[in-house]
Amino acid sequence: MTATLEQRLDAFRRLDDAKLTFARRDWFPGTSGNLSIKIQNDPLQFAVTASGKDKTKLSPEDYLVVDQDSRPVDVTTLKPSAETLIHAVVYKSFPKAGACFHVHTVWNNLISELYFGQRAFSIQGQELIKGLGIWEENARITVPIVENFADIPTLAAAIEKVITPEVPGVLIRNHGIYTWGGNDFEAKRHLEAFEFLFEYHARWLQLRQAVVSTTTTN
C-alpha cells in the first residue's frame, strides 16, 4: 500500500514547520542536517529532506518519500539525504517513532568530542531531562556516542547497536545528534531538551574552569 497524496502533503507541511524552526536557530550550517516524518509502518515509508537543499528556505523540491531501504518510492530527480539509512534504522528499531531529526550544533559537537573516550555522555538532576519524558526525581540519562564513520552503512550499523528506547537520542562524534519521538512535536521537544543539556554542561565546564583559575591566581 502506497501513502496517499494527503498523507505526503501533511508530512511535508510538518517538515516545513520543523525545518524553519531549527533554521532560525542556525542548526543547519552549510545545508547540513536532515529531517524525516514517518508516513506509514507497513510497508515502511517516510518523508525525508532532499540532499543539498538550503534549509533556510522552502521550495517544492525540499522532500521526497522513501521506503524501508531508503530508496525513493517514486521516480524523481531528487536524492534523499545520504544519511537516510539512519532514519530507517530508527523507524525499524522503534516502530512507535513517528519523526526523526538530525542537526549539527557547536554544543552537541563539543560534548561528543569531550566524552567520546567514554562512548557516552551522562548528566543528572537537570530539569530539562523531563523534556525527554523521564520524570524520576534526580533522573540520570546516558546518551551514547558513536564514531563518525564516513561509510554510512557502517555508521547506521553502529547506531543500531547502541540506541535504546529509554533515551531518544544518539551523538555522532564531531558530527551531530539524531533524536526521535512518537511524532514531530515530541521529536522537536526531545531535540530542544538535548541541546539545552549539552549547552548547559559545556558552559558549566567553562565556568568551573574560570572559577578554578581565578581561585588559583588569587
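## Exercises on a sheet, its helices and a buried lysine

Helix H1 (residues 5–24) lies across E1, E2, E3 and E4, and its direction is at about 155° to that of E1. Keep in mind that this is a predicted model.

**Exercise 1.** Find which strands helix H2 touches, and its angle with E1.

*Solution.* Start with the position of H2, residues 84–93, which packs on the sheet. Next, list the strands it touches: E1, E2, E3, E4 and strand E8 (176–181). Finally, compare directions: H2 makes about 45° with E1.

**Exercise 2.** Work out which strands stand at the edges of the sheet.

*Solution.* First, write down the order of the eight strands in this open sheet: E3-E2-E1-E4-E8-E7-E6-E5, with mixed pairing. Then look at the ends: E3 and strand E5 (120–124) each have a single partner strand, so one side of each has no neighbour in the sheet. As you move from one strand to the next, the twist averages 20°.

Now pick one pair from the order. E1 (residues 34–40) and E4 (residues 99–103) pair in the antiparallel sense over four bridges. Leu-35, for example, has Phe-101 in E4 as its bridge partner.

**Exercise 3.** Describe what surrounds the side chain of Lys-55.

*Solution.* Begin by locating Lys-55 in the loop between strand E2 (45–49) and strand E3 (63–67). Then check for a salt bridge: Lys-55 is buried but has none, and the nearest side chain of opposite charge, Asp-54, is 8.0 Å away. Now look for backbone oxygens. That of Thr-31 lies 2.9 Å from a polar atom of the Lys-55 side chain, and that of Gly-33 lies 3.1 Å from such an atom. Lastly, leaving aside neighbours within four places in sequence, the contacts of Lys-55 include Leu-20, Phe-28 and Asn-34.

How values were computed:
Residues are numbered from 1 along each chain as its sequence is written. This is a predicted model: local features need pLDDT of at least 70, side-chain atom pairs count only at pLDDT 80 or more; totals for chains, interfaces and linings use all residues. Side-chain values use heavy atoms; hydrogens and water are left out. Helices (H or I, at least four residues) and strands (E, at least two) are DSSP runs, numbered from the N terminus. Buried means under 20% relative accessible area, exposed over 50%, partly exposed in between (1.4 Å probe, protein chains only). Lys and Arg count as positive and Asp and Glu as negative; His and the chain ends are not counted. A salt bridge is a side-chain nitrogen of Lys or Arg within 4 Å of a carboxyl oxygen of Asp or Glu. A polar contact is a pair of N or O atoms within 3.5 Å; within protein, one must be able to donate a hydrogen and the other to accept it, and residues adjacent in sequence count only if both atoms are side-chain atoms. Contact means heavy atoms within 4.5 Å. Two strands pair if DSSP finds at least two bridges between them. Axes are lines fitted to C-alpha atoms, for helices over the stretch in contact, and angles run from 0 to 180 degrees between N-to-C directions.
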